Amino acid sequence: MTAAADRGPEDEGGGERGRDRARRGDVHEAGTRALLDAIVAGDPDEVVKFGDVFNGLGNRSFGMLLFVSTLPAFIPIPGVGGAISGPLVVLVGLQLLIGLRRPWLPGFIARRGPHRSAMAKFRNLLAPWLTRLERFVSPRATALLDHRAANAFTGLLLVLLGILLSLPIPFTNFLFGTLLLLFAFALLERDGKLMGIAWVAGVIAVAVFGVLSGSLAQAAAEWIALARAKLG
């Protein structure tokens, strides 16, 4: 008889529980902090290419790409951070909206990215918050992460937030950047409940800064005018 057949019901239950614990341990070890530690390890002057950050991450690849894309939003120079992060976030959102399973980047973006030293500084800044966050997050309610309609809704919100981030709305870069990090953490930690919180916060931000202020309508009008000028 095989070893599996020799095990009794209690052994099998214990083995199953052990595998469950192991799976939970693997998820924790490969959580956001561990992923960031792996990225920043190495030459601090080396560029972390956007095209490399999501390799081997499977269904969490959009989360890491969104995380790295959001970092420029925290550059304390008016107009610079949003101009860089906004289009990158829109690109990530569009891919979720149309249902891509893995991120795609054009070559000129894939070959660029932040230096490891910048990533390390941001990792150190976030470390206390990540420690607190990991006490509450866990892989749960994954339908809010994997369902086609849920992915499309997440993508739509990211597109709208990316557009708002790219607009010169005073004193909003850090706000939008923090909100986008919430989306990134939900994707990285596979936490559907956290994604639900991000949805609510995202809808409020879009309503307040986009719809009520007219910023989205103004941006849409400018883009339509630009498209007509190019085509005409």
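Which element supplies the largest share of the lining of the largest pocket? Keep that in mind as you open the model, which is a predicted one.

**Stop 1: the largest pocket**

Start by selecting Leu71, Pro72, Phe74, Ile75 and Phe122, the residues nearest the centre of the largest pocket, whose lining numbers 19 residues. The space here comes to about 480 Å³. Now colour H5, H7 and H10, the elements that give two or more residues to this lining. The answer to the opening question is H7, with six residues. By class, the lining holds 16 nonpolar residues, two polar and one charged.

**Stop 2: the second largest pocket**

Next, select Pro78, Gly79, Ile169, Phe171 and Asn173, which lie nearest the centre of the second largest pocket. Its volume is about 290 Å³, and 18 residues line it. H5, helix H9 (148-166) and H10 each supply at least two of them. This lining has 13 nonpolar and five polar residues, and no charged ones.

**Stop 3: a nonpolar patch on the surface**

Switch to a surface view and pick Ile75, Ile77, Val80 and Ile84. Together they form a nonpolar patch with about 280 Å² of accessible area. Ile75 also appeared at the first stop, among the residues nearest the centre of the largest pocket. Ile84 sits in helix H5 (residues 80-97) and is partly exposed, at a relative accessible area of 39%.

**Stop 4: salt bridges**

Side chains of opposite charge can pair when their charged atoms come close. The model has four salt bridges; here are some to visit.

- Show Asp37 and Arg123 as sticks: their closest N and O atoms are 2.5 Å apart. The pair links helix H3 (residues 32-40), home of Asp37, to helix H7 (residues 116-133), home of Arg123, across 86 residues. Asp37 is partly exposed, with 38% relative accessibility.
- Move to Arg116 and Glu46, whose closest N and O atoms are 3.3 Å apart. Arg116 lies in helix H7 and Glu46 in the loop between H3 and helix H4 (61-70), so this salt bridge ties together parts 70 residues apart in sequence. Buried or partly exposed: which is Glu46? Glu46 is partly exposed at 37%, whereas Arg116 is buried at 15% relative accessible area.
- Finish with Arg190 and Asp146, which meet at 2.7 Å, N to O. Arg190 is in the loop between helix H10 (173-189) and helix H11 (192-211), and Asp146 is in helix H8 (residues 143-146), so the pair ties together parts 44 residues apart in sequence. Arg190 counts as buried at 13%, while Asp146 is partly exposed at 32%.

How values were computed. Residues numbered from 1 in each chain as written. Predicted model: local features only at pLDDT ≥ 70, side-chain atom pairs only at ≥ 80, totals over all residues. Heavy atoms only, no water. Patch = residues over 30% accessible without salt bridge, like charges linked within 9 Å, V, L, I, M, F, W, Y side chains within 5 Å. Areas by Shrake-Rupley, 256 points an atom, 1.4 Å probe, with all protein chains shown as cover. Salt bridge = Lys/Arg side-chain N within 4 Å of Asp/Glu carboxyl O. Helix = DSSP H or I, 4+ residues; strand = E, 2+ residues; numbered from the N terminus. Buried < 20%, exposed > 50% of the residue type's maximum accessible area, 1.4 Å probe, protein only. 1 Å grid on protein atoms, 1.4 Å probe; cavity = no way out; pocket = protein on both sides within 12 Å on 5 of 7 lines; lining within 4 Å. Points joined across faces, edges and corners; volume = space filled by probe spheres on them. Nonpolar A, V, L, I, M, F, W, Y, C, P; charged D, E, K, R; others polar.
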